[in-house]
Amino acid sequence: MFHKNIKLILAGLIIITSIWQFTESNIGNGIFLIILSGIPVFLYFKNELILLAFLKLRKQDFEGAKKWLAYIKNPETALVRKQQGYFNYLHGIMLSQTNINQAEKYFKKAIELGLSMDMDLAVAKLNLAGVAMTRRRKLEATSLLNEAKKLDKQNMLKEQIAMMKEQMKKI
């Protein structure tokens, strides 16, 4: 995996090569190289390893997703801020099955770094509400559930939120 700035340098070099091809009257090569320069720019904003980890998670393959995320050795240098958020979000989702304390740290860091989709933010807040509920922090859990409900515009988490509110009544 490349450092995030190397991807931009690579795109710049490809564009310079395409300009050179235009000056040499190789128009087809120049157009192809301009289109080709879009790949490193795309991979700058959407990290390839995080995309592969998301694909593994869609298939419920947690071990495969962990394997792809393990290739990212230093997320601060390799990823943009939003990607760091998703890096922590994916770790939180995988750890929420086994170690809820570590998952809480990852979810808080993901929310702090930012997630671009409201649905992902709602899932992170819903998981944090579950953690707060298990620790008997009812006020924090209620506020997190309300925030998750506001962020869930398609009502995909409606049942989980209702179930958590029912469980909170027992606390």
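These notes cover a buried glutamine, a nonpolar surface patch and the main nonpolar core of a predicted model.

1. Start with Gln21. This residue sits in helix H1, which spans residues 4-23. Its relative accessible area is 9%. Gln21 therefore counts as buried, since the cut-off is under 20%.

2. What does Gln21 touch, leaving aside residues up to four places away in sequence? The contacts are Asn26, Ile27, Asn29, Gly30 and Leu33. Of these, Ile27 lies in helix H2.

3. Ile27 deserves its own point. Its relative accessible area is 44%, so the residue is partly exposed. Ile27 also belongs to a nonpolar patch on the surface, together with Phe22, Ile31, Ile34 and Ile35. The accessible area of the patch members together is about 450 Å².

4. Which element gives the most to that patch? Helix H2, residues 27-36, does, with four residues.

5. Now the interior. The largest nonpolar core has 39 residues. Within this core, Ile50, Leu69 and Tyr89 touch the most other members. Two or more residues each come from helices H4 (48-58), H5 (62-70), H7 (81-95), H8 (100-113), H9 (118-134), H10 (138-151) and H11 (158-169). H9 provides the largest share, 10 residues. As general background, nonpolar side chains in soluble globular proteins tend to be buried together.

6. Look at Ile50 in detail. Beyond residues up to four places away in sequence, Ile50 touches Leu69, Ile72, Leu79, Gln83, Tyr86, Phe87 and Leu90. One of these, Leu69, is also among the core residues that touch the most other members.

Notes: Residues numbered from 1 in each chain as written. Predicted model: local features only at pLDDT ≥ 70, side-chain atom pairs only at ≥ 80, totals over all residues. Heavy atoms only, no water. Buried < 20%, exposed > 50% of the residue type's maximum accessible area, 1.4 Å probe, protein only. Contact = heavy atoms within 4.5 Å. Patch = residues over 30% accessible without salt bridge, like charges linked within 9 Å, V, L, I, M, F, W, Y side chains within 5 Å. Areas by Shrake-Rupley, 256 points an atom, 1.4 Å probe, with all protein chains shown as cover. Salt bridge = Lys/Arg side-chain N within 4 Å of Asp/Glu carboxyl O. Core = buried A, V, L, I, M, F, W, Y, C linked by side-chain atoms within 4.5 Å.
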